[in-house]
Amino acid sequence: MARRKLTPEEKQKLLEEKINNENSILEVFSSMPCFAGIDKCKLSLQDFSVERVEIKNLKQDSSCNLKTSIDGKIRSLDIKSDFFGKITISFDTSDFKTPYCSIELIHGGLNFETVGIEGIKNRLAKAIDFIKNNYGIIITYSTALFLEIELAYTIAFDKTPNLQLRSFLHKCLSAGNPPNFGNEKSKKNNYDYPILSCKISTDELTVTYDKIEKAKRKRQIRREGSKLENINVQRFELVLKKNKIEKLLGTNSLDLLNDAQLIGIKTSFNNKCVHKVN
């Protein structure tokens, strides 16, 4: 189906949003050219309970998938949101299954900034409130455990770094593991790789990509005439699964972790890279 043509007013509003986004990106890098933190993460909520308050018919809401029993109790629920991410709740006990509640937390919007442990706690609290206020689902839990965490390193350049430099940076941040150039899906124009990735193990993955280009593809900033013509932003992501998190940090509990431990992971990877180079 063809897209409806935008009215002049809608086009102007969209343009203003893109310009505001460009200003926001410039502001992020106004005080420092690089920073590190958590981007996306997935948590398991322990000892959880769910109470449903009927505020609307969730089965008619396209953002969620609700299944209930004959007596109206929740059997399973999936909610996707641009505001917080995604939550999945299941009370299925068939075939020895265990009820669970997992939530994937994202930054939303431009997603250039990252946060520390306290930032993740705030995201989680806001997500729980959002689900309660917008879906009538009240969730309580005892603690949250990391199932997956994306540690992101964001670096701004005055121009796009060439493939050799991006490959070197990726290797340095990947504990000396080079990107996989055999991945033809990431190849562009037979000479460049806009996305560099390396699967170190089943519990560990690294990715480097161009954040400005991604924002353009998502139509968050202007393709041409942008205020960001003289800036390029590269995002490196270290994706760790539950077992690797526990091995590196000693725990995957949100309540027991702190920012110093996350910084320790970065230092450890850098030391491994120097060792391999030497």
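Let's start with a pair of neighbouring strands: β4 and strand β5, which spans residues 85-90, run antiparallel to each other and are joined over six bridges. The model you are looking at is a predicted one, so please read every position below in that light. Three residues separate β4 from β5, and the two strands form a hairpin. Within this pairing, Lys80 stands opposite Lys86 of β5.

On its other pairing, β4 (residues 74-81) meets strand β3 (residues 64-68), again in the antiparallel sense, this time over five bridges. If you want a spot to fix your eye on, take Leu66, whose bridge partner in β4 is Leu77. β3 and β4 also make a hairpin, with five residues between them. In that turn, look for Gly72, which has a positive phi of about 90°.

From the strands we can move to the helices, beginning with α1. This helix covers residues 8-28, 21 residues in total. From first C-alpha to last it reaches 30 Å, close to the 30 Å expected at 1.5 Å a residue. Which residues of α1 are buried? They are Lys18, Glu22, Ile25 and Val28. These four lie on the same side of α1, because they cover an arc of only 125° around the axis. The cover over the buried residues of α1 includes β1 (34-46) and α4 (211-217). Turn the helix around and you come to the face directed away from the buried side, where the exposed residues Pro8, Glu9, Lys13 and Glu27 sit.

Helix α2 makes a good companion to look at next. It has 19 residues and reaches 27 Å between its first and last C-alpha atoms, close to the 27 Å expected at 1.5 Å a residue. Its buried residues are Ile117, Gly119, Ile120, Arg123, Leu124, Ala127, Ile128, Ile131 and Tyr135. After α2 comes Gly136, with a positive phi near 70°.

Now for the interior. In soluble globular proteins, nonpolar side chains tend to be buried together. Here, the largest nonpolar core has 41 residues. Those with the most contacts inside this core are Leu43, Leu45, Ile87, Ile103, Leu124, Phe146 and Ile149. The biggest contribution to this core comes from α2, which gives seven residues. Apart from this core lies another, of 13 residues, including Leu110, Ala156, Ile212 and Ile231.

Ile149 is worth a stop of its own. What does Ile149 contact, once its neighbours within four places in sequence are left aside? Its contacts are Ile38, Lys40, Cys41, Leu238, Val239, Leu240, Ile245 and Leu262.

Two polar residues fill in more of the picture. Ser44 is found in strand β1 and counts as buried, because its relative accessible area is 13%, under the 20% cut-off. The side chain of Ser44 makes a polar contact of 2.8 Å with the side chain of Gln46. Leaving aside neighbours within four places in sequence, Ser44 is also in contact with Cys101, Ser102, Thr143, Ala144, Leu145 and Leu147.

Lys241 belongs to strand β11, residues 232-241. With a relative accessible area of 32%, Lys241 is partly exposed. Not counting residues up to four places away in sequence, Lys241 touches Leu147, Glu148, Thr202 and Asp203. With Glu148 there is a polar contact between side chains, at 2.6 Å. Along the chain, Lys241 and Lys42 are 199 residues apart, yet their C-alpha atoms are separated by 9.3 Å.

To finish, have a look at two loop residues with unusual places to compare. Asp47 lies in the loop between β1 and β2 (49-52), and its phi is near 50°, a positive value in a residue other than glycine. Asn111 sits in the loop between β6 (100-105) and α2 (117-135), with phi near 60°, again positive in a residue other than glycine. Is each of these loop residues buried or exposed? Asp47 counts as exposed, because its relative accessibility is 67%, whereas Asn111 counts as buried, at 15% relative accessibility.

Conventions. Residues numbered from 1 in each chain as written. Predicted model: local features only at pLDDT ≥ 70, side-chain atom pairs only at ≥ 80, totals over all residues. Heavy atoms only, no water. Pairing = 2+ DSSP bridges. Expected span 1.5 Å × (residues − 1). Buried < 20%, exposed > 50% of the residue type's maximum accessible area, 1.4 Å probe, protein only. Arc of directions from axis to C-beta. Contact = heavy atoms within 4.5 Å. Core = buried A, V, L, I, M, F, W, Y, C linked by side-chain atoms within 4.5 Å. Polar contact = N/O pair within 3.5 Å; in protein donor to acceptor, adjacent residues only side chain to side chain.
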